[in-house]
Amino acid sequence: MGFQTKSTQGSSLSRRRFLQGSSALAALAAFGGASVLVPARFAAAQEAFGSILSGSHWGVFKAIVEDGKFVAAEPIAADKHPPEMLEGLPDSVYSASRIKYPMVRAGYLKNGPQANDAARGSEEFVRVSWDEAINLVAKELQRIKDEHGNEAIFGGSYGWKSVGKLHNCRNLLGRMLNLHGGYINHTGDYSTGASQVIMPHVVGRLEVYEQQTAWPVVVENSELVVLWGANPSITNKIDWILAEHGGMEGLEALKEKGTRVIAIDPMRSETIDYLGAEWIAPRPQTDVAIMLGICHTLANEGLHDTDFLDEYTVGYEVFEDYLMGNAADGIEKTPEWAETISTIPADVIRQLARDFAENRTMLMSGWSMQRMDHGEQAHWTLVTLASMLGQIGLPGGGFGLSYHYSNGGTPTANAPILPGITATGKAVEGAAWLEKSGLASIPLARIADMLLNPGETIDFNGGKVTYPDIKLIYWVGGNPFVHHQDTNRLVKAWQKPETVIVHDMVWTPTAKFADIVLPANTSYERNDIEQGGSYSLRLMAGMHKIVDPLFESRSDFDIFNAISKKLGYGDGLDEGKTEMQWIQQFYDAAYDQGRARRIDMPTFNEFWDSNEPLVFEPDEAAMNYVRYADYREQPLLEPLGTPSGKIEIFSRAIENMNYDDCPPHPTWMEPVEWTGAEGAKYPLHINSAHSKYRLHSQLSAAANLRERYTINGREPVWINPEDADARGIVDGDIVRVFNDRGAVLVGAMVTDRIREGVICISEGGWYDPAERGQPGSLDKYGSANVLAVDKGTSRLAQGNCGHTAIGDVEKYTGEMLPVTAFEPPPTA
């Protein structure tokens, strides 16, 4: 691989040309502006093609319906980069995994709460009527409140839920539980648990979920783009709301211009191949060491911007002492030192520093590097490196933490904001829910800890959190048995509560570990409304019901409404409004915003009947947006939200917390386990990158997508040919990956696209224990989190360590166990 500067004198793409090539203008040209005023289209389209507009995390689409069945999802014209995952939507509706009826665990139904909770996950289920199910749930919520207080109820709703402003199951759950007097909530998420806590101390804002320097600015001005642990051509296929895929347009323009791209990643990702990027493959969990070696070179060779550091940052002097070995550890963080940790040659690290300094450089970081032990240090060090380069706030320079998420960097459109259902419901006369809501919250990644250790107090971001004694878990819109680390530990923890209630569309591993399971319908079996593009807001679409709800499934809105009424809260949840009245209320609020801002929008009926999305256009300011430009231009008038108002390379606030696992400046700290440790027990790092065919565990139930990537019916594991040869493994073998926390069966994919000493099992595969409900059981399908460490990143953030895992792999010679992950559980 070469590291010389490559010419970037290829075709120059102006901001205007980028916009003209984008889906926004393409759609605007097709639809005649930011409004769609053709009500007849909906009826005509249905009559001619049976096509119905809807949307998903994977994009806005037209559903093709034949004989009342959803048979295909076709992307809209405005989406120039639709993902393959849209093809799995019909299969997800008609999946063999669908939950058809309200179901109750047999022992729970017979003997009531606390009935052999150790059998949770292993017992048969019994079908009950909706009336019986609603009565059971309401009775149990009331019993827990009366006997233990609302502090014993955990409203577990973390996951990617379905899109839609009304059928937001997370908010609906909170709304119902708030009516009931409150509940224990969670803080943070699995995606950015460490970074979202450390970044406010460093730059005074959340950072990880904020708009980036606009792609047209990057394309025009960046001379060097560094993808550090990021694979945006895969992760930008999805969005928290409706995906519009503008980030791919940015990558496409970057490729067309010929901008030099360096990718630092243990895997040669799809984005590396697409851009023809130079690939540097370090030992996993060593990003901080590499950055420190680069920072050392910048300082040692006088390449750092001292003026920027003096005016816009605080604490650099302390950090430089650490770099140069003048701090307590006495170790100089030279490139040679970094090489011993990362295996990247010292000369390569030096050249990276020089190239970064000689070019307008944009550091685009992924989030994987902060989902590790001491993950707080990764993005803090990245910001410090960018500060030393002095390009923060300049067009095409600095850093970005969200280019790979929800298409960050796509210019923000001039669009209104759709409101949605909130977790704070309408007060009922005499109810105390207002006073009782927001009882407490725990760091999300510490759920198993909470269940196993009630009453224990932990540190968290300068404060203390005491774990409540949870008696009831109510979980919707997520799948913790796939996204929480150390699954076998969670199995043990899950035996502690007296009752577990789950809503879902399909029999996820989490649903199989519940006591009461209520069948929710899919977003394609109800009406809703949503915006497209978390950062761009360029789309707004009516999500029309495509087919009638299958079997006895109901919307979460209807389920929670029925439970609320059974508990005696009247119209507290629905406020007496129907589904379509709520949807029109949300749209009308956006319409009023649009009128005030002179944005042309149709009336609600025109919008809904048109069967087309609204497409909005960014203005010139959005096309030219540069992150931190205001701060750079006027640091006194536009200070950051830190105590100093500046970028804090050294944080006095963190120093005062006195955490031994999170020092007050960026620091290399060995992970609790890694392949570079002296005497490491296992030789392979276990990576868990995103799959290109699903969103975490969503769409795993779509059989037509699984057929594309599974090997002998199991999740694939990427393994380097050298590692495979040493173990007698060939492509297509079923292998056992194992460590002290558990073992999984997966199919071997032997490839040189992953460095030696690293294997990868994509996160999101469904947990499928050989012995149902038993901790320590072999996972037959390949759920990566069976193998991951379940500990907090540090006492500061208590984030998850999903990418901290080492283990080994061997060819599997045991009984070939059938995969049952996607089959319903046995019924009595």
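I started at D723, which counts as buried at 7% relative accessibility. Worth jotting down early: this is a predicted model.

**Entry: D723 and its partner**

I looked for what the D723 side chain meets, and found R727: the two form a salt bridge, 4.0 Å from N to O. R727 is partly exposed, with 22% relative accessibility. The cut-off for buried is under 20% relative accessible area, so R727 at 22% lands in the partly exposed class. I also noted a network here: salt bridges with shared partners tie together R105, D117, R120, E123 and D515.

**Entry: counting salt bridges**

How many salt bridges does the count come to? I got 52. A reminder to myself: side chains of opposite charge can pair when their charged atoms come close.

**Entry: R538 and E244**

Next I picked R538, which has a salt bridge to E244 with the closest N and O atoms 3.1 Å apart. Where do the two residues sit along the chain? R538 is in the loop between β20 (528-532) and β21 (539-543), while E244 is in the loop between α10 (232-235) and α11 (246-257). They are 294 residues apart, so I wrote this pair down as a link between distant parts of the chain.

Then I checked accessibility for both. Are R538 and E244 buried or exposed? R538 has 4% relative accessibility and counts as buried. E244 is buried too, with a relative accessible area of 2%. Both values fall under 20%, which is why each gets the label buried.

**Entry: around D574**

I moved on to D574, whose side chain meets that of K565 in a salt bridge, 3.8 Å from N to O. D574 is buried at 7% relative accessibility, whereas K565 is partly exposed, its relative accessible area being 37%.

D574 turned up again when I looked at N561. This asparagine belongs to helix α24, residues 556-566. It counts as buried, at 10% relative accessibility. What does N561 touch, once neighbours within four places in sequence are left aside? I found L573 and D574. So D574 goes into my notes twice, as the salt-bridge partner of K565 and as a contact of N561.

**Entry: two helices crossing**

I turned to helix α13 (residues 287-300) and helix α17 (residues 346-358). Their axes come within 8 Å and cross at roughly 65 degrees. The crossing is right-handed.

Which residues meet there? From α13 I listed I290, G293, I294, T297 and L298. From α17 I listed I349, R350, L352, A353, F356 and A357. Sorted by class, the contact has eight nonpolar, two polar and one charged residues.

**Entry: a small question about strands**

In what order do the three strands of the open sheet run? I read it as β1-β2-β3, with antiparallel pairing. β1 (51-56) and β3 (69-75) are at the edges; each has a single partner strand, so one side of each has no neighbour in the sheet. From one strand to the next, the twist averages 35 degrees.

I zoomed in on β2 (residues 59-66) and β3, which pair in the antiparallel sense over six bridges. I looked up V65 as well: its bridge partner in β3 is F70.

Key. Residues are numbered from 1 along each chain as its sequence is written. This is a predicted model: local features need pLDDT of at least 70, side-chain atom pairs count only at pLDDT 80 or more; totals for chains, interfaces and linings use all residues. Side-chain values use heavy atoms; hydrogens and water are left out. Axes are lines fitted to C-alpha atoms, for helices over the stretch in contact, and angles run from 0 to 180 degrees between N-to-C directions. Helices (H or I, at least four residues) and strands (E, at least two) are DSSP runs, numbered from the N terminus. A crossing is left-handed if the near helix is turned anticlockwise from the far one by less than a right angle, and right-handed if clockwise. Contact means heavy atoms within 4.5 Å. Ala, Val, Leu, Ile, Met, Phe, Trp, Tyr, Cys and Pro count as nonpolar, Asp, Glu, Lys and Arg as charged, and the others, Gly among them, as polar. Two strands pair if DSSP finds at least two bridges between them. Buried means under 20% relative accessible area, exposed over 50%, partly exposed in between (1.4 Å probe, protein chains only).
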